[in-house]
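Trainee: I would like a close look at a single part of this protein. Please describe the part where the domains meet, and then what lies on the strand side of it.

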Amino acid sequence: MNGIREAILSGRFVPNQRLIEADLSEEFAASRAGVRAALAELAGEGLIERVQNRGARVRAVSLAEAVEISEVRMVVEGLCAAKAAARATAADTAELREIGEEMRAAVASGDVLGYSRLNELLHRRVREIGGQRTAAGVLERLRAQNVRHQFRLAVHPGRPQTSLPQHLDIIEAIAAGDPDAAERAARAHLRSVIETLPEVERGTGP
């Protein structure tokens with residue numbers, strides 16, 4: 001039932017929204033048993049929660065939990081960046097630099113949503129190049145749980161201009177084949193995310 005997961009990740013199903021089996025069955029043309037199994041799987045992933053006598057709802061992640069998730073990401077993304085620096089080929093490096101140039105262009109043109117998509121692509125490619133599948137699985141699960149905060153962070157005023165040089169630092173450290181520098185750059189980027197999350201929650205500028 002990837003349809004339900006995608007609806008949550010895209011923000012179409014919002015935090016605390018009730019998920020009614022009959023409605024989901026009709027919307028996704030699936031059996032009630034299939035929907036029930038999908039909801040159980042999503043509960044295991046931390047995307048939804050069961051409420052006694054009220055069925056299921058999209059799980060809301062608090063600011064405190066979003067910070068904790070980002071702290072874990074800081075460590076694991078640092079590992080993935082270090083692995084990528086040790087494994088990246090010339091073709092990998094060229095691809096990462098091309099993504100970096102596209103991110104630079106998106107910031108220059110004010111394309112916030114385009115920048116957000118490139119941001120996600122860059123992080124995914126670093127995970128894939130690093131080849132640490134366990135770490136990649138952990139990060140994908142954390143990203144899914146924190147999707148609301150990540151989207152609000154992406155459109156936060158001034159955030160792309162702040163995060164662009166951080167992403168370029170990660171790219172250049174990987175291109176240089178320097179695992180220690182790549183890990184430091186990835187951690188610095190996530191530390192910046194953690195520092196910005198309270199501003200995002202308050203809706204204030206940098």
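Mentor: Across the interface of domain 1 and domain 2, the rule finds zero salt bridges in this predicted model. Polar contact does occur there: two residue pairs are found across the interface of the two domains, both at pLDDT 80 or more. On the side of domain 1 that touches domain 2, four residues are nonpolar, two are polar and one is charged. In terms of contact, seven residues of domain 1 meet six residues of domain 2. The area buried between domain 1 and domain 2 is about 500 Å², and carbon and sulfur atoms give 62% of that area. The size of an interface is often expressed in this way, as the accessible area lost when the parts come together.

As for the domains themselves, the assignment places domain 1 at residues 2–58 and domain 2 at residues 63–203. Their centres, taken over C-alpha atoms, are separated by 28 Å.

The strands can be followed from β3, which spans residues 55–58 and runs antiparallel to β1 (residues 18–19), joined to it by two bridges. Strand β2, residues 48–51, also pairs with β3 in the antiparallel sense, over four bridges. Arg57 of β3 serves as a bridge partner to Arg18, and Arg57 is likewise the bridge partner of Glu49. Between β2 and β3 lie three residues, and the two strands form a hairpin. In the turn of that hairpin, Asn53 has a positive phi of about 65°.

Notes. Residues numbered from 1 in each chain as written. Predicted model: local features only at pLDDT ≥ 70, side-chain atom pairs only at ≥ 80, totals over all residues. Heavy atoms only, no water. Domains from an automatic or database assignment. Contact = heavy atoms within 4.5 Å. Buried area = accessible area lost by both parts, 1.4 Å probe. Salt bridge = Lys/Arg side-chain N within 4 Å of Asp/Glu carboxyl O. Polar contact = N/O pair within 3.5 Å; in protein donor to acceptor, adjacent residues only side chain to side chain. Nonpolar A, V, L, I, M, F, W, Y, C, P; charged D, E, K, R; others polar. Pairing = 2+ DSSP bridges.
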